[in-house]
Amino acid sequence: MLLKFIFKKNTFTFFLIILFCFSYAQAQSIKLNEIMFAANKTTEEFIEIYNSSSQPVNIQDYKIVYDDNTPDVIISDTDEYEIPPESYAVIFEGDYDFENGVYKNIIPSNTLVFVIDNNSFGSRGMANSSDRKISLLNSTNDTIDVYTYSADNDKGYSDERVDADDDLWQNSKLFYGTPGRINSVTSKEYDLVIVELFTTPEFPTKDEEIYLNAKIKNFGLQIADNFSVDFYYVQENETIFLESQNFSELGTDDSLIVTSENSILIDDTLTIKSKINFIDDLDTLNNSLSGIVIPGFNNNTILLTEVYFKNNSNEPQWIELLNNSDITINLKDWFIADSKEKVSITEDDLFLEPNDYLVLTEFIPSDYFDDDITVIQTNIPYLNFGKDEITIYDFRDALIDRMKYEVENNFPLGYSLEKIDLNKSGENIDNWTYCINNKANTAGFDNSTFSIPDYNFGDVIINEIMFDPNDDNSEFIEIYNTSNENINLSGWKISDEEDELIFLGFKPLEIKANSYFVIAADSLIFNYYSWLDDDLSILNRNSLNLANSGKKIYLKDLRNNIIDSINYKPKWHNTAFEDTKNISLELINPNLNRNTSSNWSSSVSSFGATPGKENSIKTNNAASETKLEISPNPFSPDNDGIEDFALINYNLKESISQIRIRVFDSQGRFIKTITENQPTGSKGSIVFDGLDKNNNPLKIGIYIILFEAVNSNNSIVETIKKVVVIAKKL
């Protein structure tokens, strides 16, 4: 009796052991097979598992552990937990949208789909910037598989197991991965895949013609011969065949993009489809692909127009948007991003009327924003003080507008950055500048820069330069308004070829019509030029960085248009001066070429310079319609500031010529050549300094100017002689 009981007990124990081993073997056949951690959105992350056995496996109460977080239980909405043999199951986060999610038409309909009892893997979704461990636990919390992914994937590409029998993993070859079907990295003899289905244009607008594109790749080990690609679209629940294209050959690992020859007019949400027909294909689940195309908005429909990033401690950062279209736009599900993060503007309806502004801010202090503007409190990315970029995306994730800024450390605290020209790209950092009104921002209103007109080259010119002052004086640059209108200098700058030398400020600053304005390094300038008044900007610094060896400098307006440029050199000084210390360079005639040594010379003022006043050596152009005229005539090159130079004004028959001007004395002896083979138009002026070829002043007397012009196209030569008198004042 005892022996019989022992036998029965041992038989039962043996049965339990066999049952346990069978269950354990079944559990071990469930493996992690694919991990989508680098999804476009965190709600698109998934984990795929695979039953490699020949028996179904029940995974009820199985769990996923992300890194070292609390285990998440795998849940089935249909209470179906049994994975068929050699089949897949896909696990999503708890809030995945099955009706509208991107995988709706990718996962085969017979694949089991589960969720976890949490709205995210881990606390905030799977990291895509650092490696993480994924563990699969069975119903008794035993770990049956573990995989640590390497965060080196491009967005939208998963990690896939190469073969169920080993632990080798690779990055998926397919965008969105292969949830519910054989992995793209698993080798097959013949395997053509539609890698991507997209339209041209990528983000169409309503009533626009679109073309379908299918990217086909041969992942098989053999050349694919004789296959075709079909295109379809769905309209009013009816699938409509668009066209088919035949192809004879595609090499292994090669790809091609097939573009439809026919277009589709899109006026509403449209489903598009493509299919490969290839009789030898061993994985037909990846031979078709469908997608949804939603017509949206053009680029620059919504514009970034103003940004406040260098905020005072008690103020919020904010971003201003403008509806640049003629229709009302709902900003629901739109996004705003900087170089580091991308956040939703709002998940609720938010309508922005045509030509209206909207300010997005992290918080709304009392009495900060004007009561008449539209402001919403929302999450916005933290904006860097020095350099960043901001991008607006619509509900399709289409880029609508982007701006970039990069400012110096001296960008003023409490000032906004405004877009200068709405019709130019915001990605051009030169299309942004400081707000130039007294409030330091225009949140919710037209930018202060919009009222500034475009200026032309030469409207304001560089007229005098003091680059080598005494120790008790200041470097300065004098500019002159050649126009008949007052000009706003706010936001103007003087720069060299590499750096900004001088910024004229961001508060209202005006140069009067036909008047002078002086920019000085410091107030030492008053030691020498007591007549200076309000038409002056003192920068309160040691120097303007004007090199004594010469430098090319640019005068730029608020829009960074070059208004004038001068490549000054110390050799432009009058050679009769033994010492040019504390003597400025002055422009002789603003109507002539301002970048030639013949139109600049040393100031002959007793003060050594004439900042804010007419230049001491200024010579007016008195050209007439005669062929050649010299003015003034006589003239006296004695450096007294009165008629020291003469202008040779000419008017030629030919539109293009080369000219030579020589000087002879009254006996016909050669004195000097003023210019040789100089290209010119039909009219022009040349400065005559009254010096000989050795730069010595000419003696008092009568001289002959011989003017020769030749047109190289037709060999027409014009020769003119004119008398000039060198005089001396009594």
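The following legends describe close-up views of a predicted model.

**View 1. Domain layout of the chain.** The domain assignment divides the protein into domain 1 (30-171), domain 2 (192-293), domain 3 (304-401), domain 4 (460-602) and domain 5 (628-726). Between the C-alpha centres of domain 2 and domain 4 there is a separation of 64 Å.

**View 2. A nonpolar surface patch formed by I292, I294 and F395.** Together, these residues make a patch of about 250 Å². I292 belongs to strand β20, which comprises residues 288-293. With a relative accessible area of 56%, I292 is exposed, because exposed residues are those over 50%.

**View 3. A six-stranded open sheet of mixed pairing.** The strands follow the order β40-β39-β34-β33-β43-β44. The edge positions are taken by β40 (536-538) and β44 (600-602); each has a single partner strand, so one side of each lacks a neighbour in the sheet. From one strand to the next, the twist averages 25°. In general, strands of a sheet pair through backbone hydrogen bonds, in either a parallel or an antiparallel manner.

**View 4. The pairing of β43 with the edge strand β44.** Strand β43 (residues 585-587) runs antiparallel to β44, and three bridges join the two. Within this pairing, L587 of β43 is placed opposite W600 of β44.

**View 5. The salt bridge between R559 and D454.** A search of the whole structure finds 21 salt bridges. In one of them, the side chains of R559 and D454 meet at 3.5 Å, N to O. The pair connects distant parts of the chain, 105 residues apart: R559 lies in the loop between β41 (551-556) and β42 (562-568), and D454 lies in the loop between β32 (432-434) and β33 (460-466). The two partners contrast in their exposure to the surroundings: R559 counts as buried at 13% relative accessibility, whereas D454 is exposed, with a relative accessible area of 54%.

**View 6. The salt bridge between R594 and D564.** The closest N and O atoms of this pair are 3.1 Å apart. Here too, distant parts of the chain are linked: R594 is located in the loop between β43 and β44, and D564 in strand β42, with their positions 30 residues apart in the numbering. R594 counts as buried at 14% relative accessibility, and D564 likewise counts as buried at 1%. Both assignments follow because buried residues are those under 20% relative accessible area.

**View 7. The salt bridge between K618 and E614.** In this pair, the closest N and O atoms are 4.0 Å apart. K618 counts as partly exposed, its relative accessibility being 29%.

**View 8. A salt-bridge network of four residues.** R660, R662, E676 and E708 are linked to one another in a network of salt bridges. E676 falls within the range of strand β48 (670-680), and E708 falls within that of strand β50 (701-710).

**View 9. A four-stranded open sheet of antiparallel pairing.** The order of the strands is β48-β47-β50-β51. β48 (670-680) and β51 (717-726) form the edges, each with a single partner strand, so one side of each is left without a neighbour in the sheet. On average, neighbouring strands are turned by 15° against each other, direction ignored.

**View 10. The pairing of β50 with the edge strand β51.** Strand β50 (residues 701-710) and β51 run antiparallel and are joined by 10 bridges. Among the paired residues, I702 has V725 in β51 as its bridge partner.

Technical notes:
Residues numbered from 1 in each chain as written. Predicted model: local features only at pLDDT ≥ 70, side-chain atom pairs only at ≥ 80, totals over all residues. Heavy atoms only, no water. Pairing = 2+ DSSP bridges. Axes fitted to C-alpha atoms, helices over the stretch in contact; angles between N-to-C directions. Patch = residues over 30% accessible without salt bridge, like charges linked within 9 Å, V, L, I, M, F, W, Y side chains within 5 Å. Areas by Shrake-Rupley, 256 points an atom, 1.4 Å probe, with all protein chains shown as cover. Buried < 20%, exposed > 50% of the residue type's maximum accessible area, 1.4 Å probe, protein only. Domains from an automatic or database assignment.
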